[in-house]
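Colleague: I'm new to this one and would like to know what stands behind the labels people use for it. Can we go through them together?

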There are 4 protein chains.
Amino acid sequence: MEGFQFKTQLKVRYSEIDGQKIVFNAHYMTYLDIAISEYYSKGLQLDYVFADGIFDFVLAKSTLEYKQPARLNDVLDLWCRTVKIGRTSFVNEFVITRTEELDPLVKAEIIYVSIDPKTLKPQPMPELVRNRIEQFECDVDF
Amino acid sequence: MEGFQFKTQLKVRYSEIDGQKIVFNAHYMTYLDIAISEYYSKGLQLDYVFADGIFDFVLAKSTLEYKQPARLNDVLDLWCRTVKIGRTSFVNEFVITRTEELDPLVKAEIIYVSIDPKTLKPQPMPELVRNRIEQFECDVDF
Amino acid sequence: MEGFQFKTQLKVRYSEIDGQKIVFNAHYMTYLDIAISEYYSKGLQLDYVFADGIFDFVLAKSTLEYKQPARLNDVLDLWCRTVKIGRTSFVNEFVITRTEELDPLVKAEIIYVSIDPKTLKPQPMPELVRNRIEQFECDVDF
Amino acid sequence: MEGFQFKTQLKVRYSEIDGQKIVFNAHYMTYLDIAISEYYSKGLQLDYVFADGIFDFVLAKSTLEYKQPARLNDVLDLWCRTVKIGRTSFVNEFVITRTEELDPLVKAEIIYVSIDPKTLKPQPMPELVRNRIEQFECDVDF
């Protein structure tokens with residue numbers, strides 16, 4: 001996917017399809033949560049900032065466009081990148097496709113807020129997280 | 001809630017809270033699905049259009065703003081109203097509050113597409129559904 | 001239901017049905033979790049023992065028999081009673097029926113272990129919880 | 001795992017942990033559903049019997065023993081084998097462990113009933129499914 005440095009994969013579970021035999025809409029939010037978790041873990045390799053209690057984040061706003069439904073046993077690519085970093089908030093873009101296909105099933109943008117993991121209150125994004133993202137997302141002009 | 005003719009209620013389940021002891025974000029999509037279902041059933045009293053296979057709908061776009069987290073055993077009011085009706089698409093607004101409180105936990109807007117339940121393809125919104133909504137949402141200028 | 005002092009109710013959600021248009025099996029475990037929570041809260045009125053951190057419990061063993069499937073919008077009665085109290089473990093029986101029907105959809109037995117909420121280690125069941133259950137379950141010979 | 005010919009793997013999702021930071025009990029049923037699906041697909045390689053509408057199954061009884069909790073990001077091995085085949089019912093055993101560990105987190109036994117996928121009524125297990133299982137489970141004396 002043009003402009004994306006990271007993707008992760010999953011297979012649609014039987015428990016995730018509904019009476020129309022398509023993925024129930026709420027599960028796409030779970031898929032995006034998996035994508036952002038793996039982006040920070042496998043992509044940015046920042047597991048230690050969560051383990052050390054330096055950084056965490058919560059959702060402020062999510063916008064999802066549902067283009068086509070995913071179905072049972074579909075293997076999905078979840079593309080994720082950071083497109084904007086503010087002082088305490090940052091924005092990620094996501095595209096979900098079937099593996100090896102380019103046609104998006106879902107396109108999404110989520111605004112997150114950086115929080116202090118102890119108090120759960122907003123805090124400025126740590127400099128090291130910001131630097132790591134800027135280095136990783138070499139195509140993005142922040 | 002000013003301008004809303006309909007609300008339904010639910011109690012946050014233990015299965016819906018996450019490791020931060022707040023409702024996991026994906027469950028808000030399930031809550032909104034409950035709200036729109038009850039809006040059509042108990043509000044508009046249109047169960048028969050679904051039973052008769054005249055009308056159904058799918059999500060095209062969802063936008064949610066997460067203002068404050070809901071917690072275990074919170075009793076929530078789910079407010080729902082239609083704010084726009086196009087030829088095949090329509091837009092609903094939602095507000096989630098704790099019961100008897102006005103402060104929104106979540107605000108949402110969802111664009112739906114009217115489909116033919118047999119083919120799952122878009123179809124113009126049936127006249128009787130459109131009329132029923134216009135009559136019910138007396139405060140909205142469509 | 002003969003011998004049961006407590007039931008609670010819920011309506012099957014669209015998010016809970018699967019591609020066969022019946023409730024996906026895992027959701028019955030969530031239903032039983034709702035039943036035991038409400039049994040302790042509304043039945044035994046023991047909310048304060050959880051709030052005070054005196055008592056909590058975890059699952060040791062669950063046995064469910066699936067007699068008939070529940071379907072979309074079914075209103076279910078969840079019957080719950082304690083049938084055995086050991087030193088640190090106790091056993092609850094559950095029956096799920098459609099409201100106003102006696103024919104069980106699901107029958108279940110769950111063995112729980114009493115834990116210290118701080119350490120999450122097994123602890124003897126507090127005397128006041130045991131006494132309250134024995135008083136409530138007047139038909140059961142413990 | 002002694003006596004098991006098949007395992008599949010998954011990583012615990014953030015959406016699956018509860019307020020005690022352990023996997024919520026209902027998700028183990030979803031894990032076992034993934035295990036049996038992959039057992040038939042990747043193990044027995046019987047995808048075609050489902051695609052052709054020759055065979056399907058429903059749960060009759062599940063028994064799970066919860067030995068130790070799984071936690072966020074745990075990579076789990078889900079072991080699955082058939083231990084008994086009757087005329088219309090069959091029994092599978094499951095063990096869930098952390099990868100590379102032998103200590104079971106969950107042990108389970110599920111009784112399934114073979115159904116006709118069109119009518120959803122019980123039907124004798126197809127000969128070719130029975131034969132394939134007997135060949136695959138070379139250690140089990142049916």
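Modeller: Sure, starting with superposition: copies are superposed by least squares on the C-alpha atoms of residues with pLDDT of at least 70 in both. The model is a predicted one, with local features needing pLDDT of at least 70 and side-chain atom pairs counting only at pLDDT 80 or more, while totals for chains, interfaces and linings use all residues. Residues are numbered from 1 along each chain as its sequence is written, and chains are lettered from A, with ligands numbered from 1, in the order in which they are written.

Colleague: What makes the relation of chain B to chain A that of a two-fold axis?

Modeller: In general, two copies of a chain are related by a rotation about an axis and a shift along it. Here chain B falls on chain A after a rotation of 180° with 0.0 Å of shift along the axis, at an RMSD of 0.0 Å. That is why we speak of a two-fold axis. Within chain B, Thr63(B) has the C-alpha nearest the axis, 2.2 Å from it.

Colleague: How do you know that the copies meet through the same surface?

Modeller: Contact means that the C-beta atoms of two residues, placed from the backbone, lie within 7 Å. By that test, 15 residues of chain B are in contact with 15 residues of chain A. Since 93% of the interface residues of chain B are also interface residues in chain A, the surface is the same.

Colleague: Which element gives the largest share of chain B's side?

Modeller: That's β2(B), with eight residues. Both α1 and β2 (56-66) of chain B supply at least two residues each. Helices (H or I, at least four residues) and strands (E, at least two) are DSSP runs, numbered from the N terminus. The side of chain B that touches chain A has seven nonpolar, five polar and three charged residues. Nonpolar here covers Ala, Val, Leu, Ile, Met, Phe, Trp, Tyr, Cys and Pro, charged covers Asp, Glu, Lys and Arg, and the others, Gly among them, are polar.

Colleague: Why is α1(A) called roughly antiparallel to α1(B)?

Modeller: Axes are lines fitted to C-alpha atoms, for helices over the stretch in contact, and angles run from 0 to 180 degrees between N-to-C directions. Under 35 degrees is roughly parallel, over 145 roughly antiparallel, 65 to 115 roughly perpendicular, and the rest oblique. The two α1 helices (residues 26-43 in chain A and in chain B) pack at about 170°, with axes 7 Å apart, so the label is roughly antiparallel. Among the residues that meet are Met29(A) and Thr30(A) on one helix and Met29(B) and Thr30(B) on the other.

Colleague: How do you know that β2 of chain A pairs with β2(B)?

Modeller: Strands pair if DSSP finds at least two bridges between them. These two have five bridges and run antiparallel, and Lys61(A) has Glu65(B) as its bridge partner.

Colleague: What makes β1 of chain C and β1 of chain D edge strands?

Modeller: Each of them, at residues 7-11, pairs on one side only. They belong to an open sheet of 10 strands with antiparallel pairing, in the order β1(C)-β3(C)-β4(C)-β5(C)-β2(C)-β2(D)-β5(D)-β4(D)-β3(D)-β1(D). Neighbouring strands of this sheet are turned by 25° against each other on average, direction ignored.

Colleague: And how many bridges join β2 to β5 in chain C?

Modeller: 10 bridges join β2 (residues 56-66) to β5 (residues 104-115), and the two run antiparallel. Phe57(C), for one, has Ser114(C) as its bridge partner.
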